[in-house]
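The exercises below concern the surface of a single protein chain. Please examine the sequence and the structure before working through the solutions.

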Amino acid sequence: MALQILDGLDDRKIPRFADEMDPLNLAGEQAELDHEQMIEQRELD
């Protein structure tokens, strides 16, 4: 893939994992991120 990009492949045309995620799972992902940020804030305090 890297060689194709170096040869001129437009990297914006490559499908990304986030583009293919199920929107229903997105709410769960956000909840996980919020929880991790809360834990990080506690550790910093």
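**Exercise 1: A charged pair**

Asp 10 has a relative accessible area of 24%, so it is partly exposed. The model is a predicted one.

Task: Identify the residue whose side chain meets that of Asp 10 in a salt bridge, and give the N to O distance.

Solution. The partner is Arg 12, and the distance from N to O is 3.1 Å. This satisfies the criterion, which places a side-chain nitrogen of Lys or Arg within 4 Å of a carboxyl oxygen of Asp or Glu. Next, consider the accessibility of the partner: Arg 12 reaches 70% relative accessibility and therefore counts as exposed. Finally, the count by this rule is 1 salt bridge.

**Exercise 2: A nonpolar patch**

Task: Determine which residues form the nonpolar surface patch, and where Leu 9 is placed.

Solution. The patch consists of Met 1, Ile 5 and Leu 9, and together they have about 270 Å² of accessible area. Leu 9 is located in the loop between helix H1 (2-6) and H2. Its relative accessible area is 36%, so Leu 9 is classed as partly exposed. Membership of a patch requires over 30% relative accessible area, and the 36% of Leu 9 meets that condition.

**Exercise 3: A negative patch**

Task: Name the residues of the negative surface patch, and state which helix holds Glu 32.

Solution. The patch is formed by Glu 29, Glu 32, Glu 36, Glu 40 and Glu 43. Glu 32 belongs to helix H2, which covers residues 23-44. With 48% relative accessibility, Glu 32 is partly exposed, because exposed means over 50%.

**Exercise 4: The whole chain**

Task: Describe the protein chain by its helices, strands and buried residues.

Solution. The chain has 2 helices and 0 strands. Of its 45 residues, 2% count as buried. The chain exposes about 4500 Å², of which carbon and sulfur atoms supply 55%.

Conventions
Residues numbered from 1 in each chain as written. Predicted model: local features only at pLDDT ≥ 70, side-chain atom pairs only at ≥ 80, totals over all residues. Heavy atoms only, no water. Patch = residues over 30% accessible without salt bridge, like charges linked within 9 Å, V, L, I, M, F, W, Y side chains within 5 Å. Areas by Shrake-Rupley, 256 points an atom, 1.4 Å probe, with all protein chains shown as cover. Lys, Arg positive; Asp, Glu negative; His and termini not counted. Charge placed at Lys NZ, Arg CZ, Asp CG, Glu CD. Helix = DSSP H or I, 4+ residues; strand = E, 2+ residues; numbered from the N terminus. Buried < 20%, exposed > 50% of the residue type's maximum accessible area, 1.4 Å probe, protein only.
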